[in-house]
Amino acid sequence: MKVNKEFLIQFAGLKQGKHQFEFEINKAFFDHFNFDEYNDVNIKVNLVLDKKLTMLELTFKHKGTVNVPCDLSNEDFDLPIKGKLDLIVKFGEEFNDENEEMLVLPHGEYQVDVAQYIYEMIVLSVPSKRVHPGIKDGTMDAEILNKLEELAPKVEHKKEEDTDPRWDELKKLLTDK
């Protein structure tokens, strides 16, 4: 993936303390990651960088909507999402991002790329099953739902009177003690 300069945070010139950054995330952001599950994206990400003497604390918060197809009716709808991610950035001998809550940057590094963390935070906040709100509350009338109900197997209840006489004899053994 090509590095987008908008998501490079240069912390070397910042004073100790909290610094706030805002990002507007749209469909083009996900195109950089070759991720095409969303039709449209409108998300606002707030990042608070707390610079300390030996480390950085990053707190990401996002809120917005992703336009996705419903898993039941295939109708597109805007799904509201929100989430939070905390990340600690420490400095060491070499780059290490194996831990999802801690990033180790080499000594002398002056910037951090937050695009991957924003991407993962948003993707993980979208539920795996996406159901249109009209289906949940019963107000949506989709042709596909009517067709599914029409094609659903009809369940017939058998009368208990039509039982095998051999079982009746065995049941008597239980009650004749």
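Which side chain meets Lys-44 in a salt bridge? Glu-22 does, with N and O 3.7 Å apart. Keep in mind as you look around that this is a predicted model. The pair links distant parts of the chain: Glu-22 sits in strand E2 and Lys-44 in strand E3, 22 residues apart. Lys-44 has a relative accessible area of 37%, so it counts as partly exposed. Side chains of opposite charge can pair when their charged atoms come close.

Now let's step back to the whole chain. You can find five helices and seven strands in it. If you start at the N terminus and walk along, the elements come in the order β-β-α-β-β-β-β-β-α-α-α-α. The protein chain has 177 residues, and 31% of them are buried. Among the contacts with a separation of 6 or more, 55% are between residues 24 or more positions apart. On the outside, the chain exposes about 12900 Å², with carbon and sulfur atoms supplying 49% of that area.

Next, the sheet. Five strands build an open sheet with mixed pairing, in the order E2-E3-E4-E5-E6. Strand E2 (17-25) and strand E6 (102-106) stand at the edges; each has a single partner strand, so one side of each is left without a neighbour in the sheet. From one strand to the next, the twist averages 20 degrees. Helix H2 (residues 115-125) packs on this sheet and touches E2, E3, strand E4 (56-69), E5 and E6. Compare the directions of H2 and E5, and you get an angle of about 140 degrees.

How do the neighbouring strands pair up? Take E3 and E4, which are antiparallel and share twelve bridges. One place to look is Asp-40, whose bridge partner in E4 is Asn-67. These two strands form a hairpin, with four residues between them. E4 then pairs with E5, again in the antiparallel sense, over 14 bridges. Here Thr-65 has Pro-80 in E5 as its bridge partner. E4 and E5 make a hairpin too, with six residues between them, and Asn-74 in the turn has a positive phi of about 65 degrees. Strand E5 (residues 76-92) and E6 run parallel, joined by five bridges. In this part, Val-89 stands opposite Leu-103 in E6.

Asn-74 has company when it comes to positive phi values. Asn-34 has a phi near 55 degrees, a positive value in a residue other than glycine. You'll find Asn-34 in the loop between helix H1 (27-31) and strand E3 (40-51). Its relative accessibility is 70%, so Asn-34 counts as exposed.

Finally, head for helix H5 (residues 165-175), where Trp-167 is found. Is Trp-167 buried or exposed? At 54% relative accessibility, Trp-167 counts as exposed because the cut-off for that label is over 50%. Together with Leu-170 and Leu-173, Trp-167 makes a nonpolar surface patch of about 370 Å². H5 also holds a charged pair: Lys-172 forms a salt bridge with Glu-169, with the closest N and O atoms 3.5 Å apart. Those two residues are three apart in the helix, about one turn. Lys-172 is partly exposed at 44%, and Glu-169 is partly exposed at 49%. Elsewhere, salt bridges that share partners join Asp-50, Lys-52 and Glu-57 into one network. Within that network, Asp-50 and Lys-52 meet at 3.8 Å, N to O. Asp-50 is buried, with a relative accessible area of 14%, whereas Lys-52 counts as partly exposed at 34%. A search of the whole structure finds six salt bridges.

Technical notes: Residues are numbered from 1 along each chain as its sequence is written. This is a predicted model: local features need pLDDT of at least 70, side-chain atom pairs count only at pLDDT 80 or more; totals for chains, interfaces and linings use all residues. Side-chain values use heavy atoms; hydrogens and water are left out. Buried means under 20% relative accessible area, exposed over 50%, partly exposed in between (1.4 Å probe, protein chains only). Contact means heavy atoms within 4.5 Å. Accessible areas come from the Shrake-Rupley method with a 1.4 Å probe; for residues, only the protein chains shown count as cover. Patches are made of residues with over 30% relative accessible area and no salt bridge: like charges are joined within 9 Å, nonpolar side chains (Val, Leu, Ile, Met, Phe, Trp, Tyr) within 5 Å. A salt bridge is a side-chain nitrogen of Lys or Arg within 4 Å of a carboxyl oxygen of Asp or Glu. Two strands pair if DSSP finds at least two bridges between them. Axes are lines fitted to C-alpha atoms, for helices over the stretch in contact, and angles run from 0 to 180 degrees between N-to-C directions.
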